[in-house]
Amino acid sequence: MVEIRSIVMSKKAPKWQKANPNRTDIKDLLNKTKKFTEMYLIVLKERKKHWEMYLEAEKEKNG
Amino acid sequence: MANPEWKKWTIADAGAIKDIAETAKALAEQIKTTSVLAQTAMSVVKVIAELQSANPFLKALEILADEAIKALQDMKEAGYYYLYVDPYSPVKNVAPKFKESYGFEVLRDSSGRQLFWNPNHADPESTTIPMAAVPISDRDYPDGSPKFVPKIAMPRKLIAGGWSPYTIPWTSVDPFEKLTPFPMYSARNVLETMAEAFNDEGDIARYETNQLEGPPSVNPPKDAIVFDDLGQPFSGWDPNVKEYGLQLWNMGEKTAAGAEHASEFLKNGGWKSEKIKLNKVITTGRPMSQGSTLGDGSSALVLIIAAPSYKVFVESFFAFAKLFEDIPEFMEAAYGNIMDTYNEWADPEPQVLTLTMCDSKYGLFAVGDVIKGINYGGLGKITKIESSVASSIVSTALYTITDDVGETRKRYLEKNMNEDGRYQDMVIEIKPIPTQEAKGVENWTPQDAVREQEMRGYKGTGEEKQPNYMTKGADTASMPAASGAGRGLKKSKRVYPKYGTVAMQKLTVPKEAVSPNFAGIKMGQCIPMWNEFFEYLEAQVQSVKGLTVTASKFIQDIIDVLEELIKDLEEMIATIEKFLKFFEVDLSKAGIYALHIENQQDGNDGLVSAMMGASGLPTGLGYAAGILFVGVELGGVNLLDKTLAPLIMGL
């Protein structure tokens, strides 16, 4: 008869280590906020440019 | 002093982070809204065709806004138990200890070694020798009584780290090496406090009964069946009882009679959203305590801020507290002045002292001299001699005057006893030297004798190493005085210190306390600006929407508004960058140690045993504070292991 034994892997004993904690959570949030603020800025600048062109054309049209 | 108490922390639910979270969410939503509004306004003047090129940006903007909102949601999901152990900041909830014993001051040689002698020898002075140099065979007489004993300074003075007859000098380390001016609470003490808190039977969850109004279905009467978080029934309810040990609800998984809910909605889980809280939490209680509705597994993350020197500890604590000031205790601790104790010791305020009867025969005090109030205390280095004038020593003498006829009269006459100016009154400025005995700067007492000091080795070790001062020539005081005269003069080997007497100490106004590490930006400082910006943004959009002027004027107005917005957004980006810099704190060199105990099934006992048994924590960390997070498994997931631990440990 063959005896079947199961082997349970024991968890590694926890050990103290020197830590360098950082706030990736907040940094991530700020970086994302910054990214879409920058993107919004591009949109606004683009829009302003178009409005200026439009105004210029309007002025020329009206003499 | 409050005791360490378990509390709950959700990252995005406290203080400045909450503000950031809400503001960022508002930003994301505002930007979506303003894009739409601006498009609407533009469509009025039919320029959409010209603006098509901006559309891909709008789409990207929306995606980015969604990402930011998701990041906030992720932060809001995680919540942990935490226990804060702090012996030092104004928040302190455990008491640190001074570890030192007092004894008689022992004379020391110029290297600071304790001097021993044999007082029973015919010429005891000749036997004076550093302790380590006494041969083992010479320590005691054959009958076991001590032969060589510490050479005690005369007059005897009790000092921290002095000699006590109860100590065995031959085997003990020099007590001066162990001295520290700061109270100690070691990393081990912090861990022991944490372990005790797991078993603090008094620290349980407490819930205050709500004062509800309404029909019995929402305001259950006495003896009605009520339900816990999981919807399980409980009897014994009484609305007049002020506190219960668990969260209670008016509705559960089944009805009070144990039957299925009649409504399909309630039956299919709707009871979870429809139920009403019958009480509210006052204290969280320790994790896994009775009455808490937690899962089986639990994990922990222990963070110890610790260092062998107080200075490094304080610096590490500041850096850590700044980064985690969304935890209320760290917020309070960071801006309270934990540096005061250290500054008082490392950089004390100068003192101005008036001395009288300074005897120039033995030399007048000069800049650089260290002086001490012999009987009542005071120690410092002279940094400035403000003035030096002859002391007024006037004596009244009674004279008998005889006139020509032989009659006598008595007259009192005043005589200056300090004509040659030997004795001087001096006003000096000194940099005080804190003492071990006072754990800080000592004040001076009028009429106390002041003596010049000389350095004799050090007290303490590492960054807390301080020169040890003794009265100059104290080790020669027992030598014979000079005798004889002329050719027969036998000079003495005694060394005499400069001396004087304290007349008065000038009051000084302490300078304003400044926390040196916190001169920079604080978390939350940017928040008001953000809020104002959004209010402005909204107002501008509203005004664009409401414009009814002519086309040219309208277009010019829009350009003006856009210019303002561009300017504001650029400022906002600069602010975010400044804010990001705030979080760029490198704590790799600070004294922060972490222990992550992964999800385990042995409850609090398992956590305590893993915490106390873990290896790798350096010894000699005499100054420490710490925070312990506990996460519990819910629905097969332990968020501490999944989110907080990687964040802290940088995995």
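This report describes the chains, sheets, nonpolar cores, surface patch and salt bridges of a predicted model.

**The two chains**

Chain A has 63 residues, and buried residues make up 44% of them. Its secondary structure consists of one helix and one strand. The surface that chain A exposes comes to about 4,400 Å², with carbon and sulfur atoms supplying 55% of it.

Chain B has 651 residues, of which 45% count as buried. Its secondary structure comprises 11 helices and 24 strands. About 33,200 Å² of chain B is accessible surface, and 53% of this belongs to carbon and sulfur atoms. When contacts in chain B between residues at least 6 apart in sequence are considered, 74% of them join residues at least 24 apart.

**Two open sheets in chain B**

Strands of a sheet pair through backbone hydrogen bonds, in either a parallel or an antiparallel sense. Two three-strand sheets of chain B may be described in turn.

One open sheet has its three strands in the order β5-β4-β6 of chain B, with antiparallel pairing. Its edge strands are β5 (129-130) and β6 (149-150) of chain B, each of which pairs on one side only. Strand β4 of chain B, residues 115-117, is joined to β6(B) by two bridges in the antiparallel sense. Within this pairing, B:Phe116 has B:Pro150 in β6(B) as its bridge partner.

Another open sheet is formed by three strands in the order β11-β8-β12 of chain B, and here too the pairing is antiparallel. The edge strands are β11 (243-244) and β12 (279-283) of chain B, and each pairs on one side only. Strand β8 of chain B, residues 206-209, runs antiparallel to β12(B), and four bridges join the two. B:Glu208 has B:Lys280 in β12(B) as its bridge partner.

**Nonpolar cores**

The largest nonpolar core contains 76 residues, and the members that touch the most others are B:Phe330, B:Met611 and B:Phe629. Helix α5 of chain B, residues 310-323, contributes the largest share of this core, namely nine residues. A second, separate core has 16 residues, including A:Trp51, A:Leu55, B:Phe554 and B:Leu565.

The surroundings of B:Met611 can be given in detail. Leaving aside residues up to four places away in sequence, B:Met611 touches A:Trp16 of chain A, and in chain B it touches B:Leu191, B:Met194, B:Ala195, B:Phe198, B:Val302, B:Leu595, B:Ile597 and B:Leu628.

**A nonpolar patch on the surface**

B:Tyr399, B:Ile401 and B:Leu413 form a nonpolar patch on the surface, and their accessible area together is about 270 Å². B:Ile401 belongs to strand β17 of chain B, which covers residues 394-402. With a relative accessibility of 44%, B:Ile401 counts as partly exposed.

**Salt bridges**

Over all chains, the structure holds 16 salt bridges. Three of them are listed below with the distance between their nitrogen and oxygen atoms.

| Residue | Partner | N to O distance |
|---|---|---|
| B:Glu563 | A:Lys48 | 3.4 Å |
| B:Asp109 | B:Arg113 | 2.8 Å |
| B:Lys498 | B:Asp369 | 2.6 Å |

The side chains of B:Glu563 and A:Lys48 meet in a salt bridge. B:Glu563 lies in helix α9 (residues 551-582) of chain B, whereas A:Lys48 lies in helix α1 (residues 24-61) of chain A, so the pair joins two chains. B:Glu563 is partly exposed, with a relative accessible area of 40%, while A:Lys48 counts as buried at 17% relative accessibility. A:Glu52 is also involved, as A:Lys48, A:Glu52 and B:Glu563 are linked in a network of salt bridges.

In the pair of B:Asp109 and B:Arg113, B:Asp109 is buried at a relative accessible area of 12%. B:Arg113, at 46% relative accessibility, counts as partly exposed.

The third pair consists of B:Lys498 and B:Asp369. B:Lys498 lies in the loop between β21 (466-471) and β22 (499-506) of chain B, and B:Asp369 in the loop between β14 (351-359) and β15 (370-373) of chain B, so the pair ties together parts that are 129 residues apart in sequence. B:Lys498 and B:Asp369 are both buried.

Definitions and conventions. Residues are numbered from 1 along each chain as its sequence is written. Chains are lettered from A and ligands numbered from 1 in the order in which they are written. This is a predicted model: local features need pLDDT of at least 70, side-chain atom pairs count only at pLDDT 80 or more; totals for chains, interfaces and linings use all residues. Side-chain values use heavy atoms; hydrogens and water are left out. Buried means under 20% relative accessible area, exposed over 50%, partly exposed in between (1.4 Å probe, protein chains only). Accessible areas come from the Shrake-Rupley method with a 1.4 Å probe; for residues, only the protein chains shown count as cover. Patches are made of residues with over 30% relative accessible area and no salt bridge: like charges are joined within 9 Å, nonpolar side chains (Val, Leu, Ile, Met, Phe, Trp, Tyr) within 5 Å. A salt bridge is a side-chain nitrogen of Lys or Arg within 4 Å of a carboxyl oxygen of Asp or Glu. A nonpolar core is a set of buried Ala, Val, Leu, Ile, Met, Phe, Trp, Tyr and Cys residues joined through side-chain atoms within 4.5 Å. Contact means heavy atoms within 4.5 Å. Two strands pair if DSSP finds at least two bridges between them.
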